[in-house]
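Morning, everyone. Please look at the screen while I walk through this one.

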Amino acid sequence: MDPPTSPASPSTEAKEATDSPEKRANATEEVDGLCISREAPALANGGLSFAEPFVPRLDGFDMEIVSVHFEKCLETDGVDMGLYIAAYRELERFFELMGSVFGFVGADIKDKLEILHQHHKSPLECHGYLSIKTMMEYETALPERLEPARSSSASHALPSASRTLLRLHRALEFIMLFMDGLIAARDDDAVSHVAQDAYRDSLARYHGWFIKKGAHLAMYTLPTKLTLMEKISKHSYGEVEGIARRMTAAMKPVYVRTEDLYSEFKLHDLP
């Protein structure tokens, strides 16, 4: 008589159920057209485990757009003005999604981009604004072009583009440092410290005490890295870090080249 077989242990049965193709197929669900696993993902950098990754926002911040435009910016030595503006248009979306917490950076980005766009497309001045280098050559050739508010004549009604771009250039340094810190952070780390460190090493150099104090208080309200990505990202959890790395890698040479141009034309101290 054959000896009775031992019943499978609960842990063995659970493993077999989990490992079966049918069970794995049923462990997903469709959300907004995306196939989302209901199993807890293993999060990067040893972060917390959540029931499911976040669902990307269809209207979220698209880092690939920023990457592509900044990568093409340096195909001309002087930094292509139109591509720089196009990249910054998407960064404007980032600040919109962040809300008032980054108001000390994003409050007037839209207006500054419009000033640069008007210069760039002007039929009278367009050749002077094809690139950041030609912009600086054109404006330094006649000192009045560097004035913050120029005369009301049709060709000189806009503020200086070099002066306007300088504010965006400084903000770009903050964005680069912030994104570098965000990439290095754990999923459950508070983003407030990342933002404060980035601000201290960039924009804080140009702000008075009152703005600095308000900025630090606002940044205390920032959530964890994962919650922030869920709020702003157009990219899935699995791809967002790689795309963010590509974006910061595209930003840095553009920032350095622009910084060099401001030094070459001695325009860093424009008020």
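I'll go from the whole chain to helix pairs, and then to single residues.

First, a caution: this is a predicted model. Keep that in mind throughout.

Let's start with the whole chain. How many helices and strands are there in the protein chain? Twelve helices and two strands. Follow the elements from the N terminus. Two helices come at the start, then the two strands, and the rest of the run is helical. The chain has 271 residues, and 42% of them count as buried. The accessible surface comes to about 14200 Å². Carbon and sulfur atoms account for 56% of that surface.

Now, contacts. Take those between residues at least 6 apart in sequence. Of these, 69% join residues at least 24 apart.

Next, helix pairs. Two packed helices are described by the angle between their axes and the distance between the axes. I have two pairs to show you.

Pair one is H4 with H6. H4 covers residues 81-98, and H6 covers residues 109-121. Their axes come within 10 Å and cross at roughly 165 degrees. An angle over 145 degrees counts as roughly antiparallel, so H4 is roughly antiparallel to H6. The crossing is left-handed. Who meets whom? On the H4 side, the residues include Met81, Ile85, Tyr88 and Phe95. On the H6 side, they include Ile109, Leu113, Leu116 and His120. Charged names turn up in the list too, among them Arg89 and Glu92 in H4, and Lys110 and Glu114 in H6.

Pair two is H7 with H8. H7 covers residues 132-140, and its axis is 9 Å from that of H8. The angle here is about 140 degrees. H7 and H8 are therefore oblique to each other. In H7, Ile132, Met135, Met136 and Glu139 do the meeting. Their partners in H8 are Ala161, Ser162 and Leu165.

Now one helix by itself: H11, residues 225-232. Which of its residues are buried? Lys225, Leu226, Leu228, Met229 and Ile232. Seen down the helix axis, these buried residues fall within an arc of 160 degrees, so they line one face of H11. What do they pack against? Four helices: H4, H8, H9 and H12.

On to single residues. I'll begin with Val79, in the loop between H3 and H4. Val79 is not a glycine, yet its phi is positive, about 70 degrees. Is Val79 buried or exposed? Buried, with a relative accessible area of 0%. Setting aside neighbours within four places in sequence, Val79 contacts Cys73, Leu74 and Tyr84, among others. Its contacts also include Ser131 and Ile132, and further along, Val254, Arg257, Thr258 and Leu261. Here is a distance to go with that. Val79 and Pro253 are 174 residues apart in sequence, but 10.0 Å apart in space, C-alpha to C-alpha.

Set Lys266 beside that. Lys266 sits in the segment after H12. Its phi is positive as well, about 55 degrees, and it is not a glycine. But Lys266 counts as exposed, at 73% relative accessibility. Val79, remember, is buried.

Then Arg163, in helix H8. Arg163 is buried, with a relative accessible area of 11%. Which residues does Arg163 touch, not counting those up to four places away in sequence? Leu146, Glu147, Pro148, Leu270 and Pro271. Look at Pro271 in particular. Arg163 and Pro271 are 108 residues apart along the chain, and their C-alpha atoms are separated by 7.6 Å.

Last one: Thr248, in helix H12. Thr248 is buried, with a relative accessible area of 3%. Leaving out residues up to four places away, Thr248 touches Met176, Met179, Asp180 and Ile183. H8 runs over residues 161-184 and H12 over 237-264, if you want to find both on the screen.

To recap: twelve helices and two strands, a buried face on H11, and H4 roughly antiparallel to H6. That's my tour.

How values were computed: Residues are numbered from 1 along each chain as its sequence is written. This is a predicted model: local features need pLDDT of at least 70, side-chain atom pairs count only at pLDDT 80 or more; totals for chains, interfaces and linings use all residues. Side-chain values use heavy atoms; hydrogens and water are left out. Buried means under 20% relative accessible area, exposed over 50%, partly exposed in between (1.4 Å probe, protein chains only). The arc is that of the directions from the helix axis to the C-beta atoms. Contact means heavy atoms within 4.5 Å. Accessible areas come from the Shrake-Rupley method with a 1.4 Å probe; for residues, only the protein chains shown count as cover. Axes are lines fitted to C-alpha atoms, for helices over the stretch in contact, and angles run from 0 to 180 degrees between N-to-C directions. Angles under 35 degrees count as roughly parallel, over 145 as roughly antiparallel, 65 to 115 as roughly perpendicular and the rest as oblique. A crossing is left-handed if the near helix is turned anticlockwise from the far one by less than a right angle, and right-handed if clockwise.
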